[in-house]
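I opened my notebook to look up a few things in a structure. My topics were cysteines, nonpolar cores and one chain in outline.

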Amino acid sequence: MQQARERKDRFVSLSGLPIASFYTKDDLKDWEPERDLGAPGEFPYTRGIHPTMYRGRLWTMRQFAGFGSASDTNTRFKYLLSQGQTGLSVAFDMPTLMGLDSDDPRARGEVGYCGVAISSLEDMERLFEDIPLDQVTTSMTINGPAAILFAMYLAVAERRGISVNQLGGTLQNDILKEYIAQKEWLFPPEPHLRLIVDTIAFSSEQVPKWHPISISGYHIREAGSSAVQELAFTLYNGLTYVEAAVKAGLEVDAFAPQLSFFFNAHNDFFEEIAKFRAARRLWAREMQKRYHPQNPRSLQLRCHAQTAGCSLTAQQPMNNVVRTTLQALAAVLGGTQSLHTNSMDETLALPTQEAVTLALRTQQIIAGESEITNTVDPLGGSFFLESLTTRMEEGAQEYFRKLDKMGGMLKAIEQGFPQREILNASMAYQQEVERKERVIIGVNENVEEDSQQIPILKITQEVERDQVSRLSDLRKRRDSKKVEASLHAIQKAASSSENMMPYLIDAVKANVTLGEICSVLQKVFGTYQEPVVL
Amino acid sequence: MIKGKDTGSCKPPIRVLVGKVGLDGHDRGVKLVARALRDAGMEVIYTGLHQTPEQVVNTAIQEDVRAIGLSVHSGAHNYLLPRVLELLKEKGADDIVVFGGGVIPNEDVPQLITAGVRGLFPPGTPMKEIVEFVNSLEDDSRLSLSAGVG
């Protein structure tokens, strides 16, 4: 039989998996629906962690927001909630992410630029002014100094008479992916892991509705990894945290139900859906195999998703709305629990109110108009999708074996292994784009000489000036004896094996600043120099 | 800091410092640029992350580089890039060419060029454009202001 001509010699997924022209039951020879698919809400959770999924409850629409001062961001939060957003997500500025106060010399020029500047409990109180913390859930994208920002959030609630066991939300608190991809750390890996276990233990006892960690593949993908690498490194990081917590004496069922994950939703539609499904199945299987939990919730992978920031283009920025829509659709068909859709201007700056509204509307249109929420895992059983799901899982398991052999993720990071894998994938992708094997509309195809211009959000230098003067005022007003005593207590606790959380909460209540706490911790824990991989 | 070069050329290779200035850790782009320049036969000094303007300028002078390529993704480019140029001038090293990339909105480009940044390469720039820009510096009069603005 003569082969019909095809447009290309070979078709590959965005991550380089070869894709056949069509799939049949022969591609699913080893696939058993009872074992590999199951029912929604049942092991291995391939179809979703809830029996009814979006028929029961839609995903949480959670736009990542933060810019300028705490009051600027508070206004944006209230606006987003008034527009039907259902959860908050805080973006902190670079100095805050690096544990520096706004008046630190290293913070010059960066205050309030790519997020909100938070140096003290008073800033945090302004950030959440008039927002009912017992009614909304809040996600905080903070890693190196996560425990301190968490302490501030708890202290704000306490001051308002809200019991911390009412608080729901998520702390990103995932340092392993920082060493691997995003590169924002304060200390060497071991003390960071200890702080993470402290927050996990504290949440397990006192803040039961809180997710003390969001194990994140998003940044790994943004750094240039393939979908398989994102899946593999993220889940392996998750297992590393579980191991650290178990080693510290926690029962797996006491904390595993509070773990959460965060994935990227990139351009390759089916590959992304397969990735979400494979993630749930693989996590359930690995947790079962390695830790034998009794509570089924310990096996369930809950996740947030964000559309791929790195897929946005500065050229013809309005095209980004379309890209984001497709990516959001993949995340929803993949069964995410919450979602951030990027605004079309986010490759240029933080989003304007108009752009973020359109991004939120994109989710609302998918939820309200497309009717894809009517049935759970609508693509389940597709020869192609099931085969792709299995290949994603197998690809990740192959990495698991390599990482196990290296002696775990910390050793692998030391050797630069995940970093190198990602860089190679990113290099390969760049070359494909430059050879036009990957089409990017507006960049290497359908280029326009004079690209559209869209308005972008401007942060003024006043933000830094005001923030610096507020801090200087705070330092004059506060009780310096209390400050010293708190810092001393922190230093002592850090040198012991005590849980740091109560000390951090006491310190932020005494108006000790983020930067002051971090520099004391750095005295005890030291700093970190990464092995440079080029 | 690590160095790398591709040998095999008879001319002395151009020395370029490539790095991240400021606090953000987005190093995907800068590493691709470092690799591309190295693959084009240049001697690349990669500073690593979280460099202050002072550190960048000191390294550049110490390493006697022809150009400094800096990546900023945090929005702090309007402070950081002019600060690097200011420090170069203070140290009498303003013959070193500064170029940049990262998340830099179009409307910030003119003021950065006025401050003395010689080339700005937004996301989506083909690597060969950056390689050509640095190669063109070799025959540069060092006083010309023909900026390779992308």
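These entries follow the order in which I looked things up.

Entry 1, the model. I noted at the start that this is a predicted model.

Entry 2, cysteines. I looked for disulfides over all chains and the count came to 0. Why does A:Cys114 form no bond with the closest cysteine sulfur? That sulfur belongs to A:Cys518 and is 17 Å from the sulfur of A:Cys114, which is too far for a bond. A disulfide needs the two sulfur atoms within 2.5 Å. I checked from the other side as well: for A:Cys518 the closest cysteine sulfur is in A:Cys114, again too far at 17 Å. I also looked up the accessibility of A:Cys518, and at 2% it counts as buried.

Entry 3, cores. I found that the largest nonpolar core has 102 residues. Among those with the most contacts inside this core are A:Phe233 and A:Trp283 from chain A, and B:Val16, B:Leu37 and B:Val134 from chain B. Helix α9 of chain A, residues 227-247, gives the most to this core, with 11 residues. A second, separate core has 67 residues, including A:Met124 and A:Val520.

Entry 4, B:Val134. Leaving out residues up to four places away in sequence, I listed what B:Val134 touches: B:Ile14, B:Val16, B:Leu37, B:Met42 and B:Phe99.

Entry 5, chain B. I found 5 helices and 6 strands. From the N terminus, the order is β-β-α-β-α-β-α-β-α-β-α. Of the 150 residues in chain B, 56% are buried. Chain B exposes about 6,300 Å², and carbon and sulfur atoms supply 51% of that area.

Note on methods
Residues are numbered from 1 along each chain as its sequence is written. Chains are lettered from A and ligands numbered from 1 in the order in which they are written. This is a predicted model: local features need pLDDT of at least 70, side-chain atom pairs count only at pLDDT 80 or more; totals for chains, interfaces and linings use all residues. Side-chain values use heavy atoms; hydrogens and water are left out. Buried means under 20% relative accessible area, exposed over 50%, partly exposed in between (1.4 Å probe, protein chains only). A nonpolar core is a set of buried Ala, Val, Leu, Ile, Met, Phe, Trp, Tyr and Cys residues joined through side-chain atoms within 4.5 Å. Helices (H or I, at least four residues) and strands (E, at least two) are DSSP runs, numbered from the N terminus. Contact means heavy atoms within 4.5 Å. Accessible areas come from the Shrake-Rupley method with a 1.4 Å probe; for residues, only the protein chains shown count as cover.
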